[in-house]
Amino acid sequence: FQKAEGASLVAVMRRNAEKAADYAKRHGVPTWYNDALKLIEDPQVDAIYIATHPDTHHYYTLLAASKGKPVYCEKPLGVSYAQSKEMVEYCKLHSIPFFSAYYRRALPKYLMIKEMIDSGKLGEIRAVHVEMLQTIKPEDKVGNGRWRVQPEMSGGSLLLDVGSHSLDLVDFYFGPIVEATGEGRNQSKTYEADDIVHGSFRTERGVCGTGIWCFNTCKDEDTTTIFGSKGILSYSVLDVGKPITLETATETQVFEVPEPPEHIAQPLIQTITDELLGKGHCPSTGESGMRTDWVMERLQGK
């Protein structure tokens with residue numbers, strides 16, 4: 001926020017006053033609060049970034065919007081599609097700009113992929129398959145208090161935390177997903193949330209998709225594969241520096257990608273700043289984030 005052209009970080013909030021003050025001092029932020037309402041009502045604050053746990057996104061979004069402040073919210077937007085829908089509808093009703101934090105939509109690698117798709121390198125897009133594998137992390141084991149595997153705080157499985165990016169990119173490349181079905185299961189019993197989700201989906205353009213998000217396996221690896229009439233493209237969602245591979249009937253090409261920015265969300269934050277200043281457009285909106293929340297709920301079998 002401090003490095004985005006046209007923006008400045010003027011205040012931060014944390015419930016622990018000592019930690020809020022320390023953060024503000026270390027990062028050169030003029031004002032700190034331990035009360036969210038006071039930050040939201042600060043006349044120097046023009047827009048709010050909500051980076052709390054998902055179970056409070058709904059409350060703080062509506063609170064900020066009720067005070068006329070644009071909102072940039074972490075994903076998932078709510079702990080349910082119903083919450084996300086209410087957040088989007090409230091902001092729309094009150095003409096409050098609302099953005100979701102799917103920052104890959106503004107990163108050079110994923111814009112390269114979009115250009116390759118849109119330019120026709122793959123021909124007509126037939127299908128997409130998402131495969132995301134991860135080992136069980138020590139911090140996610142029972143008793144360690146990790147919010148992301150506590151459904152009441154996170155909204156569900158790790159699909160909502162890390163897997164959501166893969167589905168948001170499908171929406172970004174091929175338009176909204178209009179049909180989705182699946183199942184979530186807790187196989188390892190390591191924590192309360194499901195540790196595997198699998199399912200199928202279809203976009204409004206007729207692209208068919210399948211996916212498996214397995215968070216209890218032996219390695220960390222992810223590959224999304226796009227199947228076209230002229231070629232097959234594969235890429236990693238989580239490794240933003242990993243090359244893109246394009247396979248055709250005659251050759252296999254590997255495309256190096258630009259170095260990731262120092263601050264991974266900064267390109268998206270710049271688009272938000274530009275839109276609020278009336279000189280640009282942010283590709284990651286509350287509505288697009290809401291669509292992904294709907295898909296994830298369906299894929300988990302809810």
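Okay, let's start in a loop: Ser-95 sits in the stretch between helix 4 and strand 5. Keep in mind that everything on this slide is a predicted model. What is unusual about the backbone at Ser-95? Its phi is positive, about 55°, although Ser-95 is not a glycine. As background, most residues other than glycine have a negative phi. And is Ser-95 buried or exposed? The relative accessibility of Ser-95 is 65%, and the cut-off for exposed is over 50%, so Ser-95 counts as exposed.

There's a second residue like this. Lys-189 also isn't a glycine, and its phi is positive at about 60°. You'll find Lys-189 in the loop between strand 7 and strand 8. With a relative accessibility of 62%, Lys-189 counts as exposed.

While we're on backbone oddities, go to Pro-76. The peptide bond between Lys-75 and Pro-76 is cis, with omega at about -10°. In general, most peptide bonds are trans. Pro-76 lies in a loop too, the one between strand 4 and helix 4, where helix 4 covers residues 81-93.

Let's zoom out for a moment. How many helices and strands does the protein chain have? There are 9 helices and 13 strands. The radius of gyration is 20 Å, and the globule rule gives 19 Å for 302 residues; those two values are close, so the chain is as compact as a globular protein of that length. If you drew a box around the C-alpha atoms along the principal axes, that box would be roughly 60 × 45 × 35 Å.

What about the inside and the outside? Of the 302 residues, 47% count as buried. The chain exposes about 14400 Å², and 50% of that comes from carbon and sulfur atoms. On the charge side, I get 33 positive and 41 negative side chains, with the centres of the two sets 1 Å apart. Then there's how the chain meets itself: take the contacts between residues at least 6 apart in sequence, and 65% of them join residues at least 24 apart.

Now some strands. Strand 7, residues 177-185, pairs with strand 8, residues 196-203, in the antiparallel sense, and there are 8 bridges between them. The loop with Lys-189, from a minute ago, is the one that links these strands. Strand 8 also pairs antiparallel with strand 9, residues 208-214, over 7 bridges. So which residues face each other? Ile-196 in strand 8 is a nice one to click on: Ile-196 is the bridge partner of Arg-185, and Ile-196 also stands opposite Cys-214 in strand 9. Strands 8 and 9 make a hairpin with 4 residues between them, and in that turn Gly-206 has a positive phi of about 90°.

Further along we meet strand 12, residues 244-247. Which residues are on its covered face, and which on its uncovered face? Ile-244 and Leu-246 are on the covered face, while Thr-245 and Glu-247 are on the uncovered one. Strand 12 has partners as well. Strand 11, residues 232-235, runs antiparallel to strand 12 and is joined to it by 3 bridges, with Ile-232 opposite Glu-247. Strand 13, residues 252-255, pairs antiparallel with strand 12 over 4 bridges, and there Thr-245 stands opposite Val-254. A hairpin of 4 residues takes you from strand 12 to strand 13.

Last stop, helix 8, residues 266-276. Its buried residues are Leu-268, Ile-269, Thr-271, Ile-272, Thr-273 and Asp-274. What do those buried residues pack against? They pack against strand 4, residues 71-73, and strand 5, residues 98-100. One general point for reading a helix: an α-helix has 3.6 residues a turn, so residues three or four places apart point the same way.

Glu-275 belongs to helix 8, and at 29% relative accessibility it counts as partly exposed. If you skip neighbours within four places in sequence, Glu-275 is in contact with Phe-99, Gly-280, His-281 and Cys-282. For a sense of distance, the C-alpha atoms of Glu-275 and Asp-194 are 38 Å apart, and the two residues are 81 places apart along the chain. After helix 8 comes Gly-278, with a positive phi near 75°.

That's my tour, thanks for listening!

Note on methods. Residues are numbered from 1 along each chain as its sequence is written. This is a predicted model: local features need pLDDT of at least 70, side-chain atom pairs count only at pLDDT 80 or more; totals for chains, interfaces and linings use all residues. Side-chain values use heavy atoms; hydrogens and water are left out. Helices (H or I, at least four residues) and strands (E, at least two) are DSSP runs, numbered from the N terminus. The radius of gyration is taken over C-alpha atoms; the globule rule is 2.2 Å times the number of residues to the power 0.38. Buried means under 20% relative accessible area, exposed over 50%, partly exposed in between (1.4 Å probe, protein chains only). Contact means heavy atoms within 4.5 Å. Accessible areas come from the Shrake-Rupley method with a 1.4 Å probe; for residues, only the protein chains shown count as cover. Lys and Arg count as positive and Asp and Glu as negative; His and the chain ends are not counted. The place of a charge is taken as NZ of Lys, CZ of Arg, CG of Asp or CD of Glu. Two strands pair if DSSP finds at least two bridges between them.
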